[in-house]
Structures are given as structure tokens and as C-alpha cells.
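The following paragraphs lead the reader through a single protein model, beginning with its pocket and then turning to its charged pairs and its surface.

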Amino acid sequence: LFCSGQVPIDPKTGQIEAKDVRSQAEQVMRNIGEVLKAAGAQYSDIVKTTIFLKSMGDFATVNEVYGGFLK
């Protein structure tokens, strides 16, 4: 499975509802979880990721969220 270009769109509304970087990162990770589930996979099956940040000042927050999903 190759998954590319995930954004923080809420699948219920089709809109980006999250206003801060933490909420956006959480939504992206939930969306990735749904893609994985549909493919019969889970977070522990992830081999490689790349995250693009608008500001490196958001790194710690995004890394914390990311780490919460990937044990």
C-alpha cells in the first residue's frame, strides 16, 4: 500500500475543520488510520513516512501527535 498526500479533511463534512496544527495532525493521522484499515493494515505496518511542515516551530507538536499513533 502506498498512501500519498493526506490532508486534515474531516470525512463527515468534506472540509478542513481543525484550526490548529495539533488538531490538523490528529485528523491526518485518523484519516491515514482509515485508509490503513480499508486495506487490511494498521499503524504498526507503516514502514516509512514523510511529513511536510509549514513551520519547523510546529515540529514538536506534530511529532508528539505522530508518536501517539505510532508506538
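The lining of the largest pocket comprises 22 nonpolar, 7 polar and 4 charged residues. The model in which this pocket is found is a predicted one. In total, 33 residues line the largest pocket, and the space within it comes to about 1,000 Å³. Rolling a probe the size of a water molecule over the atoms shows where empty space is left.

Which residues of the lining lie nearest the centre of the largest pocket? They are Gln6, Val28, Ile32, Thr50 and Ile51. Helix H1, which spans residues 21-38, gives the most to the lining, with 8 residues. Helix H2, formed by residues 59-69, also takes part, since H1 and H2 each supply at least two residues of the lining.

Ile32 deserves a separate look. This residue belongs to helix H1 and is among those nearest the centre of the largest pocket. Is Ile32 buried or exposed? Its relative accessible area is 18%, and Ile32 therefore counts as buried, the limit for that class being under 20%. Lys12 stands 20 residues from Ile32 along the chain, and the C-alpha atoms of the two are separated by 15 Å.

The charged side chains come next. Side chains of opposite charge can pair when their charged atoms come close. In this model the count of salt bridges comes to 2. One of them joins the side chains of Arg22 and Glu64, with a distance of 3.4 Å from N to O. Because Arg22 lies in helix H1 and Glu64 in helix H2, this pair ties together parts that are 42 residues apart in sequence. Arg22 is partly exposed, at a relative accessible area of 31%, whereas Glu64 counts as exposed at 52% relative accessibility.

The other salt bridge is formed by Lys37 and Glu34, whose closest N and O atoms are 3.6 Å apart. Where do these two residues lie? Both are in helix H1, 3 residues apart, which corresponds to about one turn of the helix. Lys37 has 55% relative accessibility and so counts as exposed, while Glu34, at 47%, counts as partly exposed.

Beyond the charged pairs, the surface also carries a nonpolar patch. Val7, Ile9 and Ile16 form this patch, and together they have about 220 Å² of accessible area. Ile9 is located in the segment before helix H1. With a relative accessible area of 35%, Ile9 is partly exposed. A residue needs over 30% relative accessible area to be part of a patch, and the value of 35% for Ile9 therefore meets that requirement.

The final stop is the loop between H1 and H2, where Gly40 is found. Gly40 is exposed, because its relative accessible area of 70% is over the 50% limit for that class. How far apart are the C-alpha atoms of Gly40 and Leu1? Although 39 residues apart along the chain, Gly40 and Leu1 have C-alpha atoms separated by 9.9 Å.

Terms used:
Residues are numbered from 1 along each chain as its sequence is written. This is a predicted model: local features need pLDDT of at least 70, side-chain atom pairs count only at pLDDT 80 or more; totals for chains, interfaces and linings use all residues. Side-chain values use heavy atoms; hydrogens and water are left out. Patches are made of residues with over 30% relative accessible area and no salt bridge: like charges are joined within 9 Å, nonpolar side chains (Val, Leu, Ile, Met, Phe, Trp, Tyr) within 5 Å. Accessible areas come from the Shrake-Rupley method with a 1.4 Å probe; for residues, only the protein chains shown count as cover. A salt bridge is a side-chain nitrogen of Lys or Arg within 4 Å of a carboxyl oxygen of Asp or Glu. Helices (H or I, at least four residues) and strands (E, at least two) are DSSP runs, numbered from the N terminus. Buried means under 20% relative accessible area, exposed over 50%, partly exposed in between (1.4 Å probe, protein chains only). On a 1 Å grid over the protein atoms alone, a cavity is a set of points where a 1.4 Å probe fits but cannot get out, and a pocket is an open set with protein on both sides within 12 Å along at least five of seven lines; lining residues have an atom within 4 Å of a point. Grid points are joined across faces, edges and corners, and a volume is the space filled by probe spheres set on the points. Ala, Val, Leu, Ile, Met, Phe, Trp, Tyr, Cys and Pro count as nonpolar, Asp, Glu, Lys and Arg as charged, and the others, Gly among them, as polar.
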